[in-house]
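Here's a small set of exercises to work through with the model open in your viewer. Try each task before you read its solution.

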Amino acid sequence: MTPLSREVPHEAWRDARPEPLPSIRVEDVTVAYPNGTVAMRDARFHLEGGTICGLVGVNGGGKSTLFKAIMGLLRPQRGSVTIAGQPVKAALKGNLVSYVPQAEEVDWNFPVLVEDVVMMGRYGHMGFLRLPSPADRKAVSEALDRVGMADFRKRQIGELSGGQKKRVFLARALAQEGRIILLDEPFTGVDVQTESAIVALLGQLRDSGHLMLVSTHNLGSVPDFCDQVVLVNRTVIASGPTATTFTRANLERTFGGVLRHFELQGADLHDDSDQRRVTVLTDDERPVVFYGEADAGGPHSGSGRPAK
Ligand SMILES: Nc1ncnc2c1ncn2[C@@H]1O[C@H](COP(=O)(O)OP(=O)(O)OP(=O)(O)O)[C@@H](O)[C@H]1O
């Protein structure tokens, strides 16, 4: 029965609070590190539940800094971050936000079982002694099932492949039951099948009202799975629906001088009659590829094999 069901006695209506809608509001946020580096200046965007939002930008553009500000690990010098209408600290306390870190942020030599990593997602639901309840164990099993890692639950986390580790951290986020999930480069080093499985799972979560912010360097897949996008280069260059925001003009503003374009068409690229154009954008460290209709102003989703 929901708290607002008609059977709830009159007195209870006063106390019944609807679950807060997942949302992130970043308002004029400036973040500086102790050494004086201003990593993000006057950032501003707003996201609501039922969304997968891509966070895209150059190396050093401020993506991780934004995540840290949203996770309360860095306090903005100016501006504010509000989660589901609450200050960050209260939202984190209420288990509203889950975080899937980059592989480099984790010490893989720490001896811990896969199921224990996923159980960490339940800590916020447990008491002081952190004794798992049957509900906690059920949430862990369901989360492992959902990412296809149930058979690995007794393995040491350090013994898994890169893609399997990502799936375990995604399971930890699912077990936490936060309706906002931040994913820092979830597709780096994963194979195509795992990427598709993660994208499919994110799609299901979006359909159930979750809000996901996903940093990625893989521009090619952004139009395929993100309905919104935030483009950053030490500030928010543009944000909004992918169809109107993830345009060539905005990408050029975001990637600026470090971007080179190559356009490959037709037989040079495909061994079929598909005439779609592929644009390869190369920043100095990571090549990225996206597909677009030859007559369109901006990139669109599409299939096809990556450019050589
Ligand atoms: N701990 C730190 N102390 C000082 N400066 C930092 C620190 N962490 C990051 N920076 C600087 O802040 C800026 C933004 O870095 P950030 O890590 O947020 O970028 P990013 O978009 O996540 O990069 P990447 O795509 O390479 O992961 C960079 O200039 C970086 O050098």
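**Exercise 1.** Work out the strand order of the open six-strand sheet in this predicted model, and find which strands stand at the edges.

*Solution.* Start with the order: walking across the open sheet, you get S6-S7-S8-S3-S9-S10, and the pairing is mixed. Now look at the ends. S6 and S10 (236–241) each have a single partner strand, so one side of each has no neighbour in the sheet. Going from one strand to the next, the twist averages 15 degrees.

Next, zoom in on one pair. S7 (residues 180–184) and S8 (residues 211–215) run parallel and are joined by five bridges. If you want a spot to check, take Leu-182, whose bridge partner in S8 is Leu-213.

**Exercise 2.** Find what helices H2 and H10 touch when they pack on that sheet.

*Solution.* Take H2 to begin with: this helix touches S3 (51–57), S7, S8 and S9 (228–232). Its direction makes about 150 degrees with that of S7. Then turn to H10 (residues 248–255), which touches S3, S9 and S10. The direction of H10 makes about 150 degrees with that of S10.

**Exercise 3.** List the residues that surround the ligand, then sort them by character.

*Solution.* Begin with the shell itself: Tyr-33, Asn-35, Thr-37, Ala-39, Gly-57, Asn-59, Gly-60, Gly-61, Gly-62, Lys-63, Ser-64 and Thr-65. Sorting them gives two nonpolar, nine polar and one charged. Finally, ask which element gives the largest share: that's helix H2 (residues 63–70), with three residues.

**Exercise 4.** Trace the partners of strand S1 (residues 23–32).

*Solution.* One partner is S2 (residues 38–48), which pairs with S1 in the antiparallel sense over seven bridges. Within that pair, Ser-23 has Glu-48 as its bridge partner. The S1–S2 hairpin has five residues between the strands, and there Gly-36 takes a positive phi near 100 degrees.

S1 also pairs with S4 (residues 78–83), again antiparallel, over five bridges. Here Glu-27 stands opposite Ser-80 in S4.

**Exercise 5.** Describe the largest nonpolar core, and follow the contacts of Ile-83.

*Solution.* This core has 68 residues. Those touching the most other members are Cys-53, Ile-83, Val-118, Ala-143, Ala-171, Leu-182 and Met-212. Helix H6 (residues 162–176) supplies the largest share of the core, seven residues. As background, nonpolar side chains tend to be buried together in soluble globular proteins.

Now pick Ile-83. Leaving out residues up to four places away in sequence, Ile-83 touches Ile-24, Val-88, Ala-91, Leu-96, Val-97 and Ile-180.

**Exercise 6.** Is Gly-94 buried, exposed or partly exposed?

*Solution.* Locate it before counting: Gly-94 is in the loop between helix H3 (88–93) and strand S6 (97–100). Next, count neighbours: 14 other C-beta atoms lie within 10 Å of Gly-94. Buried needs 20 or more and exposed means 12 or fewer, so Gly-94 comes out as partly exposed. For a distance check, Gly-94 and Glu-115 are 21 residues apart in sequence and 23 Å apart in space, C-alpha to C-alpha.

**Exercise 7.** Put the whole chain into numbers.

*Solution.* Count elements: the chain has 10 helices and 13 strands. Then check burial: 38% of its 308 residues count as buried. Last, take the contacts with a separation of 6 or more: 64% of them link residues 24 or more positions apart.

Notes. Residues numbered from 1 in each chain as written. Predicted model: local features only at pLDDT ≥ 70, side-chain atom pairs only at ≥ 80, totals over all residues. Near = placed C-beta within 6 Å. Helix = DSSP H or I, 4+ residues; strand = E, 2+ residues; numbered from the N terminus. Nonpolar A, V, L, I, M, F, W, Y, C, P; charged D, E, K, R; others polar. Pairing = 2+ DSSP bridges. Core = buried A, V, L, I, M, F, W, Y, C linked by C-beta atoms within 7 Å. Contact = placed C-beta atoms within 7 Å. Axes fitted to C-alpha atoms, helices over the stretch in contact; angles between N-to-C directions.
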